[in-house]
Number of protein chains: 2
Amino acid sequence: MDERLAELRHRLGEVSDLRTALSLLDWDQMVMMPPAGAAVRAHRVATLERVAHERFSDDRIGELVEDLRDVEESLPYDSDDASLIRVTRRDWEKTRRVPPDLAAAQTQAASEGVEAWVVARENDDYASFRPWLDLHLELKHEYLACFEPADEPYDILLDDYEPGMRTAEVREVFDRLREKLVPLIAETAGTVSADIGAGPFPEAGQRELGLAAMTAFGYDSESFRLDSTVHPFCSSLGTADIRVTTRFHEHDLESLFSCMHEIGHGLYEHGVSPALERTPLGAGCSSGLHESQSRLWENVIGRSLPFCRWIHPRLTAAFPGALDSLTPEQFHRAVNKVQPSYIRVEADEVT
Amino acid sequence: MDERLAELRHRLGEVSDLRTALSLLDWDQMVMMPPAGAAVRAHRVATLERVAHERFSDDRIGELVEDLRDVEESLPYDSDDASLIRVTRRDWEKTRRVPPDLAAAQTQAASEGVEAWVVARENDDYASFRPWLDLHLELKHEYLACFEPADEPYDILLDDYEPGMRTAEVREVFDRLREKLVPLIAETAGTVSADIGAGPFPEAGQRELGLAAMTAFGYDSESFRLDSTVHPFCSSLGTADIRVTTRFHEHDLESLFSCMHEIGHGLYEHGVSPALERTPLGAGCSSGLHESQSRLWENVIGRSLPFCRWIHPRLTAAFPGALDSLTPEQFHRAVNKVQPSYIRVEADEVT
């Protein structure tokens, strides 16, 4: 291998390791950490962010990606090496603009904010969370100021999630969707009478069912694990170390659909070639693509009639009595009910 | 605060954060990680070790502790600040001698070795683990070569666990102990007929019992958690984030005593003043002191007659039928039975 490329890979591998340690600190905070660990945890993540940021924005990485233009241009655009050099250059140029202390402050505020959010959510107390939103916004403005002005300020933030996409393009997509969706929801909301009822659906049965569905999709205990948390997410600590989370409410089956959603994220990360492990290419390439995978499994497959027919006998076995009068077809209609709803609030508040 | 001292504290805080991330990676590997995550995990820990090592052995820390001699000498020897400067200097001088790549190689070999050990242990297959011992020994020899020769080579390694203690001193202690212990064991082994039997003791009951004992000693779910693993250990991710681990065998009550042992380590770390958090003083000061705490709770308290009387009704409630004929006094004798045994092998092999 080209020596410069080997050095680049080595340096990027270290940054990936530091970033993964940060992901583990985050996952652990949401899933495992005893509550009193929160105060010092915020310092831990701030340091990991600062060190990863400093290492990645090092002059030497910039020199290497400049130096490697000849290699990049000699290779097909989509080859791993050309893509590695190109994506590293793009990310390096952005990261360079942001002072490590600002990146660390954002990460620290997120870690502290998430603790405040968990408490505020439980107590339905927006006021106690408001200062964290203010701080977040203030830091985002500092972040924006690191970049050349764009057509719209949000372009700069959007680029972190959908590289290259502009706010105006998203608005256009949403405008077209709104045109059809708003009347569609008005027309269909409340027209479905099928209902899965309020159980109770004991947690053990929900867990077993979530695992059964995910296993049918590609989950295995060699490379994945499932835990519960306040708001479901999926974290990848490597292509063969994927952490799915869900939450269990005794009176609904949200956990089943959240498992199918999160395993979609997980399968996308698990499907990355191990050859890309420890590089900036070793992860999903945008939030939009990620969400396309999670919603494929949750909605296109998980809420399909064939899948409902497959899971129906497992459901009635897991919750004897609770769903006896529901046919697979009624279950299919019930889980495709259309209604406006909120996310990131207590399920109790939504119903 | 003195500006130099503030800078020192800031730098040491970052090193503590990196080292804690490493501890979390280790804990996670032993307790949570899906097995296929092991390959890339070894790279993660090697990087964290290298970066923490580099940051701590930085020239600037050496300059600061030299510069701060006036502050150190103006303060009482045992004051936090004088101790911080003194302990940092001692650790810095040792760390400087070891190349970061060697430290990283040792950490990587340990992470890979532990995976090999888990498999070898399960299969009772020493041969498959032997190469890891060889590698470990080879790396230890490289480590030894970083230091000035001592009276005995082991002095250098011992100093990492018992700062300032020499092998000859330990030998003297062991010689005196051997003199009394060997005949004592010969005399008492097999003389106790009381036995707790082979249960079965279901895991849920053991867990409840372990938590009851630990809670009586100071465990609370705000700052501690309990999980199961292959060989019990305790990990501190902060003075208020202590991870106790144990293992459950259906046919013995080892988990109860391992919980009491590990909570001893945990309480020692939990008892550190939060003012020392994120400094080299924020942890137990030697393996010997640590073990004195764990064995205090496990043996002096946990195997005492008053404690056996306290736990006996909880035992019989947790395992109905299994211990009905055992009085508290017989339980006390059974758990103080003296017999030679091994550690770090399958319990089945020992009996």
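The legends below describe close-up views of a predicted model. Residues are numbered from 1 along each chain as its sequence is written, and chains are lettered from A in the order in which they are written. Local features need pLDDT of at least 70 and side-chain atom pairs count only at pLDDT 80 or more, whereas totals for chains, interfaces and linings use all residues.

**View 1. The axis relating chains A and B.** A turn of 180 degrees with a shift of 0.0 Å along the axis lays chain A on chain B with an RMSD of 0.0 Å (superposed by least squares on the C-alpha atoms of residues with pLDDT of at least 70 in both copies). That is the relation of a two-fold axis. In chain A, the C-alpha nearest this axis belongs to A:A21, at 3.1 Å from it.

**View 2. The side of chain A that touches chain B.** Here 32 residues of chain A are in contact with 32 residues of chain B, contact requiring that the C-beta atoms, placed from the backbone, lie within 7 Å. The elements giving two or more residues to this side of chain A are α1 (3–31), α2 (38–56) and β1 (224–228) of chain A, where helices (H or I, at least four residues) and strands (E, at least two) are DSSP runs numbered from the N terminus. The most comes from α1(A), with nine residues.

**View 3. Helix α3 of chain B.** In α3 (residues 59–67), B:I61, B:L64 and B:V65 are buried (20 or more other C-beta atoms within 10 Å of the residue's own, against 12 or fewer for exposed, with C-beta atoms placed from the backbone). The buried residues of α3(B) pack against α1 (3–31), α2 (38–56) and α5 (80–97) of chain B, while on the other side of α3(B), B:D59, B:R60 and B:E66 are exposed.

Conventions
Two residues are in contact if their C-beta atoms, placed from the backbone, lie within 7 Å.
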